[in-house]
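Visitor: Could you take me closely through one part of this model, the surroundings of the ligand, and explain what the protein contributes there?

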Amino acid sequence: MDFLQTAPQLVHPYRNDRTLLALLDRAVPPDRRSALDADLDALGDYAQLAWERARRSTPRTPVLTQWDAWGQRVDRIELTTAWQEGPQLTTRHAILAAGHEPHELARLEQFARVYLYHLASEFYTCPLAMTDGAVAALKASGNQALIERALPHFLSRDAATFWLSGQWMTETAGGSDVGRTGTVARQDATGQWRLHGRKWFSSAVVGEAALALARPEGAGDGTGALALFYVETMDGPARKPELVIDRLKDKLGTRELPTAEIHLDGLPAWPLGELAHGVRQVAPMLNVTRTWNAVCAVASMARALALACDYAARREAFGRPLIEQPLHAQTLADLRAQFEGAFALAFEVVQLLGRVEQGRAAPHEAALLRLLTPLAKLWTAKAAVALCSEALECFGGAGYIEDTGLPQLLRDAQVYAIWEGTTNVLALDSLRALAEGLPALRTAIEGWVNGSHEPEAVAPIHAALDAASAQLQALGGERADLEASARGLAITLARCAAAALLARQSTFARERGDMRPGAALRRFTAHGLERLAVTAVADTRLLL
Ligand code: MFK
């Protein structure tokens, strides 16, 4: 009989995730843990079943039907199975509501759920992220009428009353440069605001509401003149006629996610606050969706790593399992160290968000959160693409074959570095946060490495931080040089934070006899922390 390769099996994503379990052991007290465990166990079951279900069926994508047989415009979207199950599952496990409970672990308990659910959801987590972000922006606006109108739906624990919200920013002219938004808000004869324009990337078009940036008629150019509006999309079961779906996008990945191009032809809208500074008002939403992005990126890393490790134990080559081949074992161990660093940073942002929102943060932690959010988003996105690419190689040719399900991991991972702000946009955003954020990061790192048994792994953290500070000082106030160095600075600071968090986890684990986090710290640090850019402007010009 021919030799056949064994397919990788997905081990239980919760019960076998030692990184998540270790975090919860450290951060969640036993009296909260058993209720949380039941939810996480069930979401792990769902993730495992979803992986098996996807292997048994032909991949599906959403289908838009714009017209019915009698010439009526219907813009009906048929969704994949996971998307149809989304509202029930999300509300049953309180995936959004859990994050807004009044205690400081609310965000951690929420994002542990998101992490387990994300890949099984087929990126239903994308509109969930935006809905969660809309809650944050509405709360920050203090607009009681809209809060009372929308939040009971966005945070509902009942699928019958649950609403999804979109985030309508991106336009053909105004992509990253949101200040070029062309959508106009006009008041009709009754004083009702109505939106007119075209939104270019709408990933929650099946939702019931959205927050949209628009320029009030007669306002000036640029970012400051934009206003932020709340809209609803449905009239009972039918989509409002003032919202037209032009087409669904044909994307590299996240193909189950129905991302649409839309037209707004006078859609009724309500301003969240003042009729200006809409970007400032939408910023709380961006910072929440960017946190989702980081957690979803580490979920992709966890999945690729789990499959590669399982396969390495099953697949024999050259007379022994791959896991016993020194170079293959080395490769997997390197990937694990990268994953553990990325996981630590993403979940630190989650915990900080919880403390800041609940008024339980230490004095330096608001500035720390403001800096670490873009750093975690940009660095975990890049790490996810790199890890998923390397993990595919661990399967040889099978990693390149569509119906193994493996190529999708890489295609989907590419989105993390693009949506919710590209790597460079996020690196530039981190500059906005540096003045207060860098001293806050130094304070935090002192605390995280305190008591570490790994002085040789901790010393490079201080050295890389000093090098980053020295580069900043050497650049002085020169804006062009500062911008050119922003990505290198951001990645260096992200890696320093991740290493210090691994040191904290290794101290905790070592006291309980677990030496594995110490190994992750040493391996992570051995790859170097400093990624500062060479910013010789003259050479840059010669190279273009
Ligand atoms: C699993 C997946 C989960 C995620 C799924 C979501 C999919 C959705 C698909 C999409 O549509 S992705 C949309 C991607 N687009 C972006 O993320 C926007 C990228 N551009 C930026 O982030 C720019 O930095 C930004 C438009 C926010 C600002 O650019 P500007 O025009 O140069 O504005 P400016 O004047 O610097 O900032 C305006 C104000 O906002 C300032 O405050 P003040 O008015 O008080 O001076 C800034 O400090 C503030 N601000 C900007 N970013 C902030 C912020 N404040 C807090 N946090 C931030 N992150």
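**The shell around the ligand**

Guide: In this predicted model, three helices each supply at least two residues of the shell around the ligand, namely helix 5 (125-141), helix 7 (278-314) and helix 11 (423-432). Helix 7 gives the most, with 7 residues of that shell. The ligand has 24 residues around it, and those that come nearest are Thr223, Arg280, Arg290, Glu420 and Arg432. Sorted by class, the shell is made up of 11 nonpolar, 7 polar and 6 charged residues.

Arg280, one of the residues that come nearest, also places a polar side-chain atom 2.8 Å from an oxygen atom of the ligand. On the nitrogen side of the ligand's chemistry, a polar side-chain atom of Asn287 lies 3.0 Å from a nitrogen atom of the ligand, while at Ser176 a polar backbone atom is 3.0 Å from a nitrogen atom of the ligand. The ligand taken alone exposes 1,200 Å², of which the protein buries 78%.

As for where this shell belongs in the wider fold, the ligand sits in the largest pocket. The protein chain is divided into domain 1 (165-278) and domain 2 (424-542), and the C-alpha centres of these two domains lie 38 Å apart. Because domain 1 and domain 2 both give residues to the shell around the ligand, the ligand lies between them. The picture is thus of a ligand placed between the two domains, in the largest pocket, with helix 7 as the element that gives the most residues to its shell.

Note on methods:
Residues numbered from 1 in each chain as written. Predicted model: local features only at pLDDT ≥ 70, side-chain atom pairs only at ≥ 80, totals over all residues. Heavy atoms only, no water. Near = heavy atom within 4 Å. Polar contact = N/O pair within 3.5 Å; in protein donor to acceptor, adjacent residues only side chain to side chain. Areas by Shrake-Rupley, 256 points an atom, 1.4 Å probe, with all protein chains shown as cover. 1 Å grid on protein atoms, 1.4 Å probe; cavity = no way out; pocket = protein on both sides within 12 Å on 5 of 7 lines; lining within 4 Å. Sits in = over half its atoms within 2 Å of the grid points. Helix = DSSP H or I, 4+ residues; strand = E, 2+ residues; numbered from the N terminus. Nonpolar A, V, L, I, M, F, W, Y, C, P; charged D, E, K, R; others polar. Domains from an automatic or database assignment.
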